[in-house]
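Reader: Could you walk me through a structure, one question at a time? I would like to see how each answer is reached.

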Amino acid sequence: MLIEKEIVDEETMKRALTRITYEIIERSKSMEDVVLVGIKTRGIPIAKRIAERFRLLEGIEVPVGELDITYYRDDIVKTDKIVKPQLKFSIENKQVILVDDVLYTGRTIRAAMDAMMDLGRPLSISLAVLIDRGHRELPIRADFIGKNIPTSKEESIKVQMKESDGIDRVCILKHE
């Protein structure tokens with residue numbers, strides 16, 4: 001049996017994203033070189049929401065890109081059908097902030113960094129995640145974290161976003 005428990009509601013998610021936005025502003029030397037790159041699938045709406053907060057809170061327009069890291073994953077066989085990533089803007093000499101929903105083993109982020117290097121040479125790459133659940137397999141850490149939610153390996157995290165799921169929440173799934 002699978003037990004689902006809500007651990008982050010809509011309001012908590014909103015506060016976490018606002019906190020991430022302010023932390024990015026505080027740590028960035030200049031916001032004019034900052035770009036957000038959302039990792040498909042739920043990193044994209046999170047990046048767009050952070051960009052909207054920059055606009056509303058500080059009057060800053062930050063470009064948002066969408067990144068599909070499928071080609072760079074280490075658990076699939078590469079074929080000609082997989083398209084390498086593209087962005088609508090250059091990342092050359094930019095402060096790239098990768099955005100994802102959950103940081104777990106670090107493998108998705110490693111793949112995203114590989115993709116970024118194929119797209120250009122950024123000034124820096126930072127990582128913003130809504131949830132950090134632990135259990136790293138690679139030496140990767142998030143620079144901006146909405147919530148730290150320690151989990152066991154038998155548990156999983158389910159992030160739901162209004163854009164794709166009709167609701168904003170984060171649940172922990174336990175197998176019993």
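Author: Happily, and one definition comes first: Ala, Val, Leu, Ile, Met, Phe, Trp, Tyr, Cys and Pro count as nonpolar, Asp, Glu, Lys and Arg as charged, and the others, Gly among them, as polar. Please keep in mind that this is a predicted model.

Reader: Thanks! By class, how many residues in the lining of the second largest pocket are charged?

Author: The lining of this pocket consists of Arg27, Ser28, Lys29, Gln95, Val96, Ile97, Leu123, Ser124, Ser126, Asp143 and Phe144. Asp, Glu, Lys and Arg count as charged, so Arg27, Lys29 and Asp143 are to be picked out of that list. Beside 4 nonpolar and 4 polar residues, the number of charged ones is 3.

Reader: Which element gives the largest share of the lining of the second largest pocket?

Author: The pocket has a volume of about 190 Å³. Two elements, β4 and β5 (124–132), each supply at least two of its lining residues. The largest share, 3 residues, belongs to β4.

Reader: Let's turn to the largest pocket. Which class does its lining hold 9 of?

Author: This pocket encloses about 410 Å³ of space and has 22 lining residues, with Lys40, Asp100, Asp101, Val102 and Thr108 nearest its centre. At least two lining residues come from each of β4 (95–103), α3 (107–119) and β7 (156–160), and β4 has the largest share, with 4. The division is 8 nonpolar, 5 polar and, for the class you ask about, 9 charged.

Reader: Now for α1: what span would be expected for this helix?

Author: Helix α1 covers residues 10–27, which makes 18 residues. The expected span is 1.5 Å times one less than the number of residues. From first C-alpha to last, α1 reaches 26 Å, close to the expected 26 Å.

Reader: Which residue caps the N-terminal end of α1?

Author: Look for a side-chain oxygen that lies 3.3 Å from the backbone nitrogen of glutamate 11. The residue that carries this oxygen is aspartate 9.

Reader: And which element gives the largest share of the largest nonpolar core?

Author: The core has 30 residues, and Leu36, Ile50, Phe54, Leu130 and Ile131 have the most contacts inside it. Two or more residues come from each of α1, β2 (34–39), α2 (43–58), β4, β5, β7 and β8 (169–175). Buried residues of α1 include Met13, Leu17, Ile20 and Ile24. The largest share of the core, 6 residues, comes from α1.

Technical notes
Residues numbered from 1 in each chain as written. Predicted model: local features only at pLDDT ≥ 70, side-chain atom pairs only at ≥ 80, totals over all residues. Heavy atoms only, no water. Buried < 20%, exposed > 50% of the residue type's maximum accessible area, 1.4 Å probe, protein only. Polar contact = N/O pair within 3.5 Å; in protein donor to acceptor, adjacent residues only side chain to side chain. 1 Å grid on protein atoms, 1.4 Å probe; cavity = no way out; pocket = protein on both sides within 12 Å on 5 of 7 lines; lining within 4 Å. Points joined across faces, edges and corners; volume = space filled by probe spheres on them. Core = buried A, V, L, I, M, F, W, Y, C linked by side-chain atoms within 4.5 Å.
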